Amino acid sequence: MSELAGPLADRYGAQAPANRLATANAVLDLLLKHRSVRSYLPTPLPAGTLETLVAAAQSASTSSNLQAWSVVAVEDPERKARLSQLVGNQAHVRAAPLFLVWLADLARLEEIARRQALASEGLDYLELLLVGVIDAALAAQNAAVALESLALSCVYIGGIRNQPEAVAAELGLPPGVFGVFGMCVGYEDPARPAQVKPRLPQGAVLHREQYSLKAQVPAIDDYDRVMAEFYESHGMQQPDWSSTVANRVKSANALNGRDRLAAALHALGFKIR
Ligand SMILES: Cc1cc2nc3c(=O)[nH]c(=O)nc-3n(C[C@H](O)[C@H](O)[C@H](O)COP(=O)(O)O)c2cc1C
């Protein structure tokens, strides 16, 4: 067995790619072992952790070096409690010592244009919102990898988009700033460890030269089997993955309020032309 074989088996079950490099390294090992953690100890983070995570986040690539993102670090228990309600009553937001809200930030760009006595019409376009969202996601994922390298854990919180205006009011966001997702950060409670969750076989996501939907069908069927085994072996009662996906996209109602995201973004000052 190569050093990669074990982590790949955990990530893919029986569907791990046959072709792989012979040896792992510390970065690959860390990436392959990622787990979202939803049970935290109250242990505070060592001084300097937040600033180090932000340095890692700022080291990510950023579209045209616009750096169109910001992050709000929330540690106040009462604010975390209010945010936990806004994101759909997720208890881990209260339990984690640090809650980060990653922002698409066009307000700073607007301010810079204003100081240059220039218009900022470009900010009115969908493209710039996407730039902010992509920048925020890349920055956040760099922070996620960094914190896992420090034996910390995290879970992203998309529920931050359930009620964007209320989140903006709670965090004092100006027009042109939007909470893309939150992130709980802390030390995992060893009494309730999270598991590495299998991913789709590469036959579903890796296309060579041209995309094919048809070629993915066997991989999807395989994944439903791998996930059924995963849930069974961890004593979890879950419908199969394909049913879960189909139910998540079947109607606007299944979006947990995010069906009104376009209206919320307009209210937060994004014109999205
Ligand atoms: C943008 C984004 C939003 C997410 N939102 C939530 C959330 O609101 N609550 C939650 O418990 N997990 C959330 N997750 C975690 C996913 O459920 C998790 O990453 C996925 O099930 C795969 O599991 P793993 O991260 O342990 O491999 C989110 C993940 C991402 C990337």
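The largest nonpolar core of this predicted model holds 48 residues, and the members touching the most others are Trp-102, Leu-103, Ala-104, Cys-154, Cys-184 and Val-185. Helices and strands both feed into this core: H3 (49-58), H4 (77-86), H7 (126-149) and H8 (164-171) each put in at least two residues, and so do the strands S1 (69-74), S2 (98-105), S3 (153-157) and S4 (177-186). The top contributor is H7, with 9 residues. As a general backdrop, nonpolar side chains in soluble globular proteins tend to be buried together.

The strands named above line up in an open sheet of 4, in the order S1-S2-S4-S3, and the pairing is antiparallel. S1 and S3 sit at the edges, each pairing on one side only. Going from one strand to the next, the twist averages 25°. H7 packs on this sheet and touches S1, S2, S3 and S4, with its direction at about 150° to that of S2.

S2 deserves a look of its own. On one side, S2 pairs with S1 in the antiparallel sense over 6 bridges, and here Ala-73 stands opposite Leu-100 of S2. S2 is also joined to S4, again antiparallel, by 8 bridges. Along that pairing, Trp-102 faces Phe-181 of S4, while Asp-105 has Val-177 of S4 opposite.

How much of S2 is buried? The count is 8 of its 8 residues. Both faces of the strand are covered, with Leu-98, Leu-100, Trp-102 and Ala-104 buried on one side and Phe-99, Val-101, Leu-103 and Asp-105 buried on the other. So the buried set on that second side takes in Asp-105 along with Leu-103, given that each has 20 or more other C-beta atoms within 10 Å of its own.

Leu-103 gives a good idea of the surroundings of S2. Setting aside neighbours within four places in sequence, Leu-103 is in contact with Trp-69, Ser-70, Val-71 and Val-72, with Ala-136, with Leu-173, and with Val-177, Phe-178, Gly-179 and Val-180. Leu-103 is also among the core residues that touch the most other members.

As for the chain as a whole, the domain assignment splits it into domain 1, made of 5-33 plus 196-233, and domain 2, which spans 49-193. The C-alpha centres of the two domains lie 29 Å apart.

Terms used. Residues numbered from 1 in each chain as written. Predicted model: local features only at pLDDT ≥ 70, side-chain atom pairs only at ≥ 80, totals over all residues. Core = buried A, V, L, I, M, F, W, Y, C linked by C-beta atoms within 7 Å. Buried ≥ 20, exposed ≤ 12 C-beta atoms within 10 Å, placed from the backbone. Contact = placed C-beta atoms within 7 Å. Pairing = 2+ DSSP bridges. Domains from an automatic or database assignment. Axes fitted to C-alpha atoms, helices over the stretch in contact; angles between N-to-C directions.
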